[in-house]
Amino acid sequence: MSLIPSFFGNRRSNVFDPFSLDIWDPFEGFPFSTAVANLASSAPETTAIANARIDWKETPKAHVFKVDVPGLKKEEVKVEVEDGRILQISGERSKEQEEKNDKWHRVERSSGKFLRRFRLPENAKLDQVKAAMENGVLTVTVPKEEMKKPEVKAIDISA
């Protein structure tokens with residue numbers, strides 16, 4: 001039994017294609033495995049892009065987030081900064097319309113909602129966050145405040 005039966009089905013179409021094989025379920029045969037599979041297939045959120053892949057790097061001037069969102073338009077993605085310095089990136093890929101006469105041979109592209117949240121560091125300039133999208137990659141740039149070096153005042157030592 002597969003944990004994601006709606007995507008991969010129960011048959012093999014090509015022994016040499018790793019995507020055509022059933023997913024091994026280590027809990028197969030346990031009493032709760034059917035309940036887990038039913039839960040996974042009944043909740044539309046589980047078919048989501050779920051954990052959109054994100055890279056977060058810090059440069060001397062900014063925190064840069066790169067998010068893979070292939071096939072999405074900028075109107076389908078939302079970037080927000082919440083209270084408490086939380087950067088939230090979310091979106092939704094709509095499921096493709098099925099026609100009555102369509103015969104699907106494979107469904108591997110996911111659809112649904114995704115949501116990722118990151119607590120930004122204290123040096124983030126929350127009022128200057130910028131986002132841009134190009135070739136299916138969303139880039140969110142959060143500028144950093146320059147850390148001022150502490151002023152050092154020399155004290156004369158008296159005798």
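In this predicted model, Trp-56, Phe-65 and Phe-118 come together as one aromatic cluster. Three aromatic pairs are found in the structure. In the pair formed by Phe-65 and Phe-118, the ring centres are separated by 5.2 Å and the ring planes meet at 45°, so the arrangement is classed as tilted. Because Phe-65 belongs to strand S2 and Phe-118 to strand S5, this pair ties together parts of the chain that are 53 residues apart in sequence. Both rings of the pair belong to buried residues, Phe-65 on the one hand and Phe-118 on the other.

Phe-65 also has a place in the largest nonpolar core, which comprises 16 residues and in which Phe-65, Val-67, Ile-89, Leu-138 and Val-140 touch the most other members. At least two residues of this core are supplied by each of strand S2 (62-68), strand S4 (86-93), strand S5 (112-119) and strand S7 (137-143). The greatest contribution to this core is that of S7, which gives three residues.

The surroundings of Leu-138, one of the core residues that touch the most other members, can be described in further detail. When neighbours within four places in sequence are left aside, Leu-138 is in contact with Phe-65, Lys-66, Val-67 and Val-69, with Val-77 and Val-79, with Ile-89, and with Ala-131, Ala-132 and Met-133. Thr-139 is likewise found in strand S7, and its relative accessibility of 19% places Thr-139 among the buried residues, because the limit for that class is under 20%. With the neighbours within four places again left aside, the contacts of Thr-139 are Val-64, Phe-65, Lys-66, Lys-130, Ala-131 and Ala-132. Phe-65, Lys-66, Ala-131 and Ala-132 therefore appear in the contact list of Leu-138 as well as in that of Thr-139. As a general point, the side chains of a regular strand alternate between the two faces of the sheet.

Val-64, a contact of Thr-139, also takes part in the pairing of the strands S1 and S2, where Lys-57 stands opposite Val-64 in S2. S1 and S2 run antiparallel and are joined by five bridges, and the connection from S1 to S2 is a hairpin of three residues.

Two salt bridges are present in the structure. In one of them, the side chains of Lys-144 and Glu-58 meet at a distance of 2.7 Å from N to O. Lys-144 lies in the segment after S7, whereas Glu-58 lies in strand S1 (residues 54-58), so this salt bridge ties together parts that are 86 residues apart in sequence. The two partners fall into separate accessibility classes: Lys-144 is buried, with a relative accessible area of 14%, while Glu-58, at 51% relative accessibility, counts as exposed, the threshold for that class being over 50%.

The other salt bridge brings together the side chains of Arg-117 and Glu-82, with an N to O distance of 2.6 Å. Since Arg-117 is located in strand S5 and Glu-82 in strand S3 (residues 77-82), the pair ties together parts that are 35 residues apart in sequence. Arg-117 is partly exposed, its relative accessible area being 46%, and Glu-82 also counts as partly exposed, at 29% relative accessibility.

Key: Residues numbered from 1 in each chain as written. Predicted model: local features only at pLDDT ≥ 70, side-chain atom pairs only at ≥ 80, totals over all residues. Heavy atoms only, no water. Core = buried A, V, L, I, M, F, W, Y, C linked by side-chain atoms within 4.5 Å. Buried < 20%, exposed > 50% of the residue type's maximum accessible area, 1.4 Å probe, protein only. Helix = DSSP H or I, 4+ residues; strand = E, 2+ residues; numbered from the N terminus. Contact = heavy atoms within 4.5 Å. Phe/Tyr/Trp six-rings, centres within 6.5 Å; stacked < 30°, edge-to-face > 60°. Salt bridge = Lys/Arg side-chain N within 4 Å of Asp/Glu carboxyl O. Pairing = 2+ DSSP bridges.
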